[in-house]
Amino acid sequence: MSITIVNQGRYISHWVNALKEKRPGLDVRVYPDAGSPEEVEFVLSWNHPMGVFKQFPNLKCIASTGAGVDHILKDPELPEQVQITRIVDENLTRDMTMFTTALVLNYMRGLYQYKAAENIKEWKPKRYLTAKDVTIGVMGIGELGASVAGQLSSIGFKVNGWARTEKQLQSINVFAGNAALDDFLATADILICLLPLTKETANILNKSTFSKLPKNAFVINVARGEHLVDNDLIEMIDLGHLAGASLDVFRQEPLPESHPFWAHPKINITPHIASITNPETAVTQILENYDRLQNNQPLLNVVSQTKGY
Ligand code: NAP
Ligand code: GLV
């Protein structure tokens with residue numbers, strides 16, 4: 001059985017090299033040079049061309065090269081029998097935890113403002129917030145969100161989480177379900193979105209959500225661009241309800257040059273780099289699933305197509 005990489009754009013040669021290094025002799029193919037369609041059973045994928053999988057009659061597993069699987073599940077022509085897996089990797093979790101912590105501290109200490117002040121040689125010290133003054137709300141307390149919440153709590157923030165189901169976490173108060181969303185939002189001076197993109201969570205960062213946050217709240221979206229209603233964010237910042245936002249993900253990536261986010265003084269942008277899967281470490285779980293598939297064993301990190309994550 002081969003592993004076929006179906007990936008528009010990013011890091012294809014890294015994956016090929018990492019797979020071959022870990023398992024010399026492995027039959028790795030890169031779409032469209034996948035050989036005969038009947039031979040394709042295990043695919044490693046990121047942002048595939050829509051509809052491409054339906055041509056593979058024996059496809060059994062589509063492995064996302066990232067934590068998210070929305071890019072796979074949005075394909076209306078996914079073969080029914082296929083299992084979908086995702087990456088759960090301690091490096092990915094650590095990188096997301098460090099990045100979101102950096103964004104929180106950057107905002108609290110005004111580092112973006114001081115950089116702007118430096119550019120005009122302005123010396124203007126300002127009072128700043130400290131961790132004990134700030135409650136952070138993490139939407140999505142899964143692999144990444146739970147780690148982010150734990151780290152922020154360990155450095156002195158009060159941290160609340162929001163998930164679909166109830167859970168007990170040390171030092172983190174978790175609000176569960178839609179009924180608890182408003183109470184969760186009311187506490188969040190800094191809101192971090194780490195939800196998967198599903199039918200339920202699309203557009204969740206909207207005007208109504210923002211209006212329930214305390215005045216001067218700051219928004220961090222490191223999940224998916226489709227969680228955010230772009231104009232609602234700009235409106236709520238310009239009205240003075242929100243202090244600003246740090247965004248790593250966008251509806252259209254790369255973010256078009258004409259997009260108003262680029263020029264907004266209270267919106268900070270990074271190009272979807274919060275946490276990038278490292279093929280060198282992640283190939284271990286890919287190869288584990290490749291072996292499991294051939295031995296008819298249950299796969300690791302399978303997502304529920306019904307829940308969408
Ligand atoms: P995960 O382990 O599946 O966790 C998802 C969390 O969201 C769970 O706590 C889940 O609740 C909660 N959730 C899902 N639907 C919900 C709903 N309708 N209402 C309330 N809570 C809901 O996912 P993960 O590994 O932490 O990754 C999260 C997302 O981060 C990925 O899907 C991806 O989009 C994004 N990401 C971005 C980057 C980047 O570089 N910017 C990198 C990696 C990942 P339950 O616990 O109750 O199930
Ligand atoms: C990145 O966005 C991922 O889902 O891993």
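## Ligand shell

In this predicted model, 29 residues surround ligand 1, and Arg86, Leu144, Thr165, Lys167 and Tyr309 come nearest; a residue is near a molecule if one of its heavy atoms lies within 4 Å of it. By residue class, the shell around ligand 1 divides into 14 nonpolar, 8 polar and 7 charged. Here Ala, Val, Leu, Ile, Met, Phe, Trp, Tyr, Cys and Pro count as nonpolar, Asp, Glu, Lys and Arg as charged, and the others, Gly among them, as polar.

Domain 1 (3–89 + 277–303) and domain 2 (90–269) each give at least three residues to the shell around ligand 1; the domain bounds come from an automatic or database domain assignment.

## Polar contacts and cover

A polar contact is a pair of N or O atoms within 3.5 Å. Two side chains have such contacts with oxygen atoms of ligand 1: a polar side-chain atom of lysine 167 lies 2.6 Å from one, and a polar side-chain atom of arginine 86 lies 2.8 Å from one. Valine 222 uses its backbone instead, with an N or O atom 3.0 Å from a nitrogen atom of ligand 1.

On its own, ligand 1 has 950 Å² of accessible area, of which the protein covers 93%; these areas come from the Shrake-Rupley method with a 1.4 Å probe.

## Pocket and elements

Ligand 1 sits in the largest pocket. A pocket is an open set of points on a 1 Å grid over the protein atoms alone, where a 1.4 Å probe fits, with protein on both sides within 12 Å along at least five of seven lines. A molecule sits in a pocket if more than half of its atoms lie within 2 Å of its grid points.

Two or more shell residues come from each of α5 (143–154) and β7 (158–163), and α5 gives the most, with 3 residues. Helices (H or I, at least four residues) and strands (E, at least two) are DSSP runs, numbered from the N terminus.

## Backbone geometry in loops

Most residues other than glycine have a negative phi, and most peptide bonds are trans. A cis peptide bond joins tyrosine 31 and proline 32, with omega about 15 degrees; proline 32 lies in the loop between β2 (28–30) and β3 (42–46). Another cis bond links glutamate 253 to proline 254, with omega about -5 degrees, and proline 254 is in the loop between β11 (242–247) and β12 (267–269).

Serine 171 has a positive phi, near 70 degrees, and lies in the loop between β7 and β8 (172–176).

## Conventions

Residues are numbered from 1 along each chain as its sequence is written, while chains are lettered from A and ligands numbered from 1 in the order in which they are written. Local features need pLDDT of at least 70, side-chain atom pairs count only at pLDDT 80 or more, and totals for chains, interfaces and linings use all residues, while side-chain values use heavy atoms, with hydrogens and water left out.

Terms used:
Polar contact = N/O pair within 3.5 Å; in protein donor to acceptor, adjacent residues only side chain to side chain. 1 Å grid on protein atoms, 1.4 Å probe; cavity = no way out; pocket = protein on both sides within 12 Å on 5 of 7 lines; lining within 4 Å.
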